[in-house]
Amino acid sequence: MLEWIIPGAAAALAGYGFLIVPTQWLKLERISHPIGLNKKILQISDIHVEKLRISPRRLERTIREEAPDWISLTGDFTRKTWYLPRLEPYLKVISASGVPVYAVLGNHDYKMKSGMNRLLELLSRYGITLLRNEALRLPDCTLVGIDNFGTGHSKIGKAFRQTKPTDTIIVLTHDPNVVPHIGKRYDYLMSGHLHGKQLNIPFFFRFKPKGELPARGIYKGLHRSPQGAYYISKGIGQAGVNARFMVRSEVTVHEL
């Protein structure tokens, strides 16, 4: 019996180490891209609270230690209405940081349909400013929120309508596949959606097409377009299978 128990246990342990541990072992990614703001922004993307293995306490500690100037939430809170109570402790610790919090919606959020109003109410209750194709003028820059591209909710012209050519423009959006379609100058853009593949295996995006950018091999990290620099977060939670392979859960500190 030991002849098959020991190899089976070893395989299970290896599977846990390779597929589950990366979802529990939070990586703090640091990106330095000076644009003259002298601001530190903490980005949290793709919470997917129904499959999130990072605790609110761990997230709270990260926010406290980093002391950002503001927090950006780049979409995909959950896809099911009944998981919203599980989201609330995370929104609570994010809000309790005392710094401004700005958010956009993702494709999974739009799958809730009737639950969308409950999500919007939760964000409002915790003082989180949701940007849906609109610009918000801050003391040092203009923040532009572009709604989710893949679900057809992006209205780029509307989002940039209140901006000026001389503005320092920071864009928040969920799906980075909107980048080739923006056609407007910006200084920096934060996005998520692609999870850094989540399962880092060759030709992954051939089996699971996720848009123009991953088809070109662009699915994580800092990149540049003719309009401006953009960053794709690997996200803190998981979509689909609740596992990661060679890709850790991430929150990102942007030093701008």
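**Salt bridges, strand pairing and the largest pocket**

With a relative accessibility of 51%, R216 counts as exposed, just past the cut-off of over 50% that defines this class. The structure described here is a predicted model, in which R216 forms a salt bridge with E212, the closest N and O atoms lying 3.3 Å apart. E212 itself is partly exposed, its relative accessible area being 38%.

This pair belongs to a wider set of charged contacts, since a search of the whole structure finds 13 salt bridges. Another salt bridge is formed by the side chains of E65 and R61, with an N to O distance of 4.0 Å. Both residues lie in helix α2, which spans residues 56-66, and they are four residues apart, or about one turn of the helix. E65 is exposed, at 55% relative accessibility, whereas R61 is partly exposed, with a relative accessible area of 32%.

A salt bridge between loops is found for D147 and R132, whose closest N and O atoms are 3.7 Å apart. Because D147 lies in the loop between β7 (142-146) and α5 (156-159), while R132 lies in the loop between β5 (129-130) and β6 (134-137), the pair ties together parts that are 15 residues apart in sequence. The two partners also fall into separate accessibility classes: D147 is buried, with a relative accessible area of 3%, and R132 is partly exposed, at 30% relative accessibility. In addition to these pairs, K27, E29, K234 and E250 are linked in a network of salt bridges.

Turning to the strands, an open sheet of six strands shows mixed pairing and has the order β1-β12-β2-β3-β4-β5. Its edge strands are β1 (27-32) and β5, each of which pairs on one side only. Within this order, strand β2, comprising residues 40-44, pairs with strand β3, comprising residues 70-74, in the parallel sense over four bridges, and L42 stands opposite I71 in β3.

Strand β11 (residues 229-232) takes part in two further pairings. With strand β9 (residues 188-191), β11 pairs in the parallel sense over four bridges, and S191 stands opposite I232 in β11. With strand β10 (residues 221-224), by contrast, β11 pairs in the antiparallel sense, again over four bridges. Here G221 stands opposite I232 in β11, so that residue I232 has S191 opposite it in one pairing and G221 opposite it in the other. A hairpin of four residues joins β10 to β11.

The side chains of a regular strand alternate between the two faces of the sheet. In strand β11, A229 and Y231 point one way, Y230 and I232 point the other way, and all of these residues are buried. Burial in this sense requires a relative accessible area under 20%.

The largest pocket holds about 280 Å³ of space. A total of 17 residues line the largest pocket, and those that lie nearest its centre are Q198, K208, K210, A239 and G240. Grouped by class, the lining comprises six nonpolar, six polar and five charged residues.

How values were computed
Residues are numbered from 1 along each chain as its sequence is written. This is a predicted model: local features need pLDDT of at least 70, side-chain atom pairs count only at pLDDT 80 or more; totals for chains, interfaces and linings use all residues. Side-chain values use heavy atoms; hydrogens and water are left out. Helices (H or I, at least four residues) and strands (E, at least two) are DSSP runs, numbered from the N terminus. Buried means under 20% relative accessible area, exposed over 50%, partly exposed in between (1.4 Å probe, protein chains only). On a 1 Å grid over the protein atoms alone, a cavity is a set of points where a 1.4 Å probe fits but cannot get out, and a pocket is an open set with protein on both sides within 12 Å along at least five of seven lines; lining residues have an atom within 4 Å of a point. Grid points are joined across faces, edges and corners, and a volume is the space filled by probe spheres set on the points. Ala, Val, Leu, Ile, Met, Phe, Trp, Tyr, Cys and Pro count as nonpolar, Asp, Glu, Lys and Arg as charged, and the others, Gly among them, as polar. Two strands pair if DSSP finds at least two bridges between them.
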